[in-house]
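Let us walk through this structure together, one group of contacts at a time. Keep the 3D view open and turn to each residue as its name comes up.

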Amino acid sequence: GATVKDEFIELYNPNAVDVNLAGFALKKKTSGGTESNLVSAGAFSGTIKALGYFLIAPPEATSDLPYSGKTFSIASNNTVLLYNAAGALLDKVGFGTATDFETAAAVNPDANKSIERKKLGQDTDDNSQDFKISDAPTPGGTFPKTTIQDVTNYADNPGIPYFTLSIKWASPSVNINSYQVQ
């Protein structure tokens, strides 16, 4: 983001069970290779509910867990790394000219934009393919909502429970390449 106050990291739990985050660590690595804490293992606490989100941000922002220090921040060309309580690397995303990434780095986000997974919960271990620029950053699991403008059921044969559903929709995000109807 443009300033420390507009950055955030959002974890998503794609599993059907809650995940206890006690002892996890969230770190950043500069393009020069220096690794430092965003949230130390001793300060990391909380639970990601099943199919839920967990927001981590600077202390002055509203979040589920604040960074461990007021001056901690992410910059362009960094890598964000998530470690479990045993110290094993669970996931990382490098962006811009970061030197630590999965297969290839994601693109640096411009001011007032963010990077997000192209498909929620999917990790192919290629940051350039897994992440895209989001025109509408949405911390806290509030992804841009799609408005269904018209839904029409066209019954192919009366009395047979088979329908073709036609949906006309609009979204505030211009780069949607997948969606889920619930």
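What follows is a tour of strands, core, aromatic rings and charged pairs in a predicted model.

A good place to begin is an open sheet of three strands, whose order is S1-S6-S7, with mixed pairing. At its edges stand S1 and strand S7 (65-66), each with a single partner strand, so one side of each has no neighbour in the sheet. Pick out S1 and S6 next: these strands pair in the antiparallel sense over four bridges. To find one of the matching positions, start from Leu11, whose bridge partner in S6 is Phe54.

S1 and S6 also bring two rings together. How many aromatic pairs does a search of the whole structure find? The search finds two. In one of them, the ring centres of Tyr12 and Tyr53 are 5.1 Å apart and the planes meet at 45°, so this pair is tilted. Tyr12 belongs to strand S1 (residues 9-12) and Tyr53 to strand S6 (residues 53-57), so that the pair links distant parts of the chain, 41 residues apart. Are these tyrosines buried or partly exposed? Tyr12 is partly exposed, with a relative accessible area of 25%, and Tyr53 is partly exposed too, at 26%.

Now move to the rings of Phe24 and Phe44, whose centres are 6.1 Å apart; their planes are at 50°, so this pair is tilted. Here the partners sit in loops: Phe24 in the loop between strand S2 (19-20) and strand S3 (25-29), and Phe44 in the loop between strand S4 (35-39) and strand S5 (47-48). The two are 20 residues apart, and the pair links distant parts of the chain. Phe24 is buried, with a relative accessible area of 10%. Phe44 has 3% relative accessibility and counts as buried.

Phe44 leads us into the nonpolar interior. Which residues have the most contacts inside the largest nonpolar core? They are Ile9, Leu11, Leu26, Phe44, Phe54 and Ile56, in a core of 20 residues. S1, S4, S6 and strand S8 (79-83) are the elements that give two or more residues to this core. If you select Phe44 and look around it, leaving aside residues up to four places away in sequence, you will find contacts that include Leu11, Phe24, Leu26, Phe54, Ile56 and Leu82. Leu11 and Phe54, the bridge partners from S1 and S6, are thus both touched by Phe44.

Leu82 takes us on to the next strand pair. S8 and S9 pair in the antiparallel sense over five bridges, and the bridge partner of Leu82 in S9 is Asp91. The two strands form a hairpin with five residues between them. In the turn, look for Gly87, which has a positive phi of about 90°. While you are in this part of the model, find Tyr83: Lys27 lies over the face of its ring, at 5.5 Å from the ring centre.

With Asp91 in view, we can turn to charge. Side chains of opposite charge can pair when their charged atoms come close. A search of the whole structure finds ten salt bridges. In one of these, the side chains of Asp91 and Arg117 meet at 2.4 Å, N to O. Asp91 lies in strand S9 (residues 89-94) and Arg117 in strand S10 (residues 114-117), so this bridge ties together parts that are 26 residues apart in sequence.

Another salt bridge joins Lys113 and Asp135, with the closest N and O atoms 3.1 Å apart. Lys113 lies in the loop between S9 and S10, and Asp135 in the loop between strand S11 (131-134) and strand S12 (147-155), so the pair ties together parts that are 22 residues apart in sequence. Lys113 is partly exposed, with a relative accessible area of 27%, and Asp135 is partly exposed at 31%.

Salt bridges that share partners also join Lys27, Lys29, Glu35, Lys92 and Asp100 into one network. Within this group, the side chains of Lys29 and Glu35 meet in a salt bridge at 3.9 Å, N to O. Lys29 counts as buried at 17% relative accessibility, whereas Glu35 is partly exposed at 33%.

Finish at Asp6, in the segment before S1. Asp6 is partly exposed, with a relative accessible area of 29%. Its C-alpha atom is separated by 9.3 Å from that of Ala111, a residue 105 residues apart from Asp6 along the chain.

Key
Residues numbered from 1 in each chain as written. Predicted model: local features only at pLDDT ≥ 70, side-chain atom pairs only at ≥ 80, totals over all residues. Heavy atoms only, no water. Phe/Tyr/Trp six-rings, centres within 6.5 Å; stacked < 30°, edge-to-face > 60°. Buried < 20%, exposed > 50% of the residue type's maximum accessible area, 1.4 Å probe, protein only. Lys NZ or Arg CZ within 6 Å of the ring centre and 35° of its normal. Core = buried A, V, L, I, M, F, W, Y, C linked by side-chain atoms within 4.5 Å. Contact = heavy atoms within 4.5 Å. Salt bridge = Lys/Arg side-chain N within 4 Å of Asp/Glu carboxyl O. Pairing = 2+ DSSP bridges.
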